[in-house]
Amino acid sequence: MNDATNLAPSDSRRAFVKKFISGLLSALLGLVPLGAGVAVFLDPLRRRSSDAGAVRVTPLEALPADGIPRKFPVLGTRVDAWNKFSEVPIGAVYLRRTSDSQVQAFNVVCPHAGCYVDFLPERGRYRCPCHNSTFTIAGKIDDPSSPAPRGLDALEVQVREGKEIWVRFQNFRAGTAEKVPVA
Ligand code: FES
């Protein structure tokens, strides 16, 4: 005869509860590595980002030296779920020549809530069509009643070999006074 058959009803109930709890704990502990495995498997879904490296935007000669900003698309690499796409649109920039060989670059995205800003040549200002934030040609907030919490996001720009404009393209979090890069 085994011990279980010798147990009183209350002992056998206790033994059953003990077994049940230990079984439940084992099952829960088993879920931890499963959860970690699922997180690793799904990781590419969380890496939905644009390449923050320098990208060639345009030849310098395509940007007139009249001090007026022009909008250019930015092509780069986008990682989306399990795929990596090259030379796809990842954003846009305003470029402006500040001298024959120097260029200023801004991300076109409004730092208030993410709309694309327009440049108004007749006013020499940027204006966001969504909630009317305005920015000077240097990217600073123009009208103090603008809801944007900071000026336009300047980007690092290089003129390589005197003929190609490269920009370190980056998006930043909207709605904050600080410029916080978005991964
Ligand atoms: S998104 Fe530009 S002002 Fe609101």
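Strands here are DSSP runs of E, at least two residues long, numbered from the N terminus, and two of them pair if DSSP finds at least two bridges between them. The model on screen is predicted.

**Stop 1: the hairpin of β3 and β4**

Select residues 70-80 for strand β3 and residues 83-97 for strand β4; the two pair in the antiparallel sense over 10 bridges. To see one rung of this ladder, show Leu 75, whose bridge partner in β4 is Pro 89. Then move to the turn, where the hairpin has 2 residues between the strands. Ala 81 is the residue to click on, since it takes a positive phi near 55°.

Stay at β3 for a moment and display Arg 70 together with Asp 66. The two form a salt bridge, with the closest N and O atoms 2.9 Å apart. Arg 70 is partly exposed at a relative accessible area of 26%, and Asp 66 is also partly exposed, at 40%.

**Stop 2: the three-stranded sheet**

Next, select β6, β7 and β8. They make an open sheet of 3 strands in the order β6-β7-β8, with antiparallel pairing. β6 (118-120) and β8 (134-135) are at the edges and have a single partner strand each, so one side of each lacks a neighbour in the sheet. Strands of a sheet pair through backbone hydrogen bonds, either parallel or antiparallel.

Zoom in on β6 and on strand β7, residues 125-127: this antiparallel pair is joined over 3 bridges. Within it, Phe 119 has Tyr 126 of β7 as its bridge partner. Keep Tyr 126 selected for the next stop.

**Stop 3: the aromatic cluster**

Which residues do ring pairs link into a cluster? Show the side chains of Tyr 94, Phe 106, Phe 119 and Tyr 126, which are the members. The count of aromatic pairs comes to 3. One of them is Tyr 94 with Tyr 126, an edge-to-face pair at 5.1 Å centre to centre with 65° between the planes. It links distant parts of the chain, with Tyr 94 in strand β4 and Tyr 126 in strand β7, 32 residues apart. Both tyrosines, Tyr 94 and Tyr 126, are buried.

Now measure from Phe 106 to Tyr 126. Their ring centres are 6.0 Å apart and the planes stand at 85°, so this pair is edge-to-face. Phe 106 belongs to strand β5 (residues 103-107) and Tyr 126 to strand β7, so the pair ties together parts 20 residues apart in sequence. Switch on a surface and look for these two rings: Phe 106 counts as buried at 3% relative accessibility, and Tyr 126 is buried with a relative accessible area of 0%.

**Stop 4: a salt bridge from β7**

Go along β7 to Arg 125 and add Asp 142. These residues form a salt bridge whose closest N and O atoms are 2.9 Å apart. The pair links distant parts of the chain: Arg 125 is in strand β7 and Asp 142 in the loop between β8 and β9, 17 residues apart. Asp 142 counts as partly exposed at 27% relative accessibility, and Arg 125 as partly exposed at 26%.

**Stop 5: β2, β9 and β10**

A search of the whole structure finds 5 salt bridges. For another of them, select Glu 164 and Arg 56, whose side chains meet at 2.9 Å, N to O. Glu 164 lies in strand β10 (residues 164-168) and Arg 56 in strand β2 (residues 54-59), so the pair ties together parts that are 108 residues apart in sequence. Glu 164 is partly exposed at 24%, and Arg 56 is partly exposed at 39%.

From here, select Val 159 in strand β9, residues 154-160. Its C-alpha atom is separated by 9.6 Å from that of Arg 56, although the two residues are 103 apart along the chain. Which residues does Val 159 touch, not counting those up to four places away in sequence? They are Leu 60, Ser 101, Val 103 and Glu 164. Val 159 counts as partly exposed, at 26% relative accessibility.

**Stop 6: charges over rings**

Finish with two side-chain pairs. The charged end of Arg 160 sits over the ring of Trp 166, 3.9 Å from the ring centre. Then select Lys 179 and Phe 172: here the charged end of the lysine sits over the phenylalanine ring, 4.9 Å from its centre.

Terms used. Residues are numbered from 1 along each chain as its sequence is written. This is a predicted model: local features need pLDDT of at least 70, side-chain atom pairs count only at pLDDT 80 or more; totals for chains, interfaces and linings use all residues. Side-chain values use heavy atoms; hydrogens and water are left out. Helices (H or I, at least four residues) and strands (E, at least two) are DSSP runs, numbered from the N terminus. Buried means under 20% relative accessible area, exposed over 50%, partly exposed in between (1.4 Å probe, protein chains only). Contact means heavy atoms within 4.5 Å. A salt bridge is a side-chain nitrogen of Lys or Arg within 4 Å of a carboxyl oxygen of Asp or Glu. Rings of Phe, Tyr and Trp (its six-membered ring) pair if their centres lie within 6.5 Å; planes under 30 degrees apart count as stacked, over 60 as edge-to-face and the rest as tilted. A charge sits over a ring if NZ of Lys or CZ of Arg is within 6 Å of the ring centre and within 35 degrees of the ring normal.
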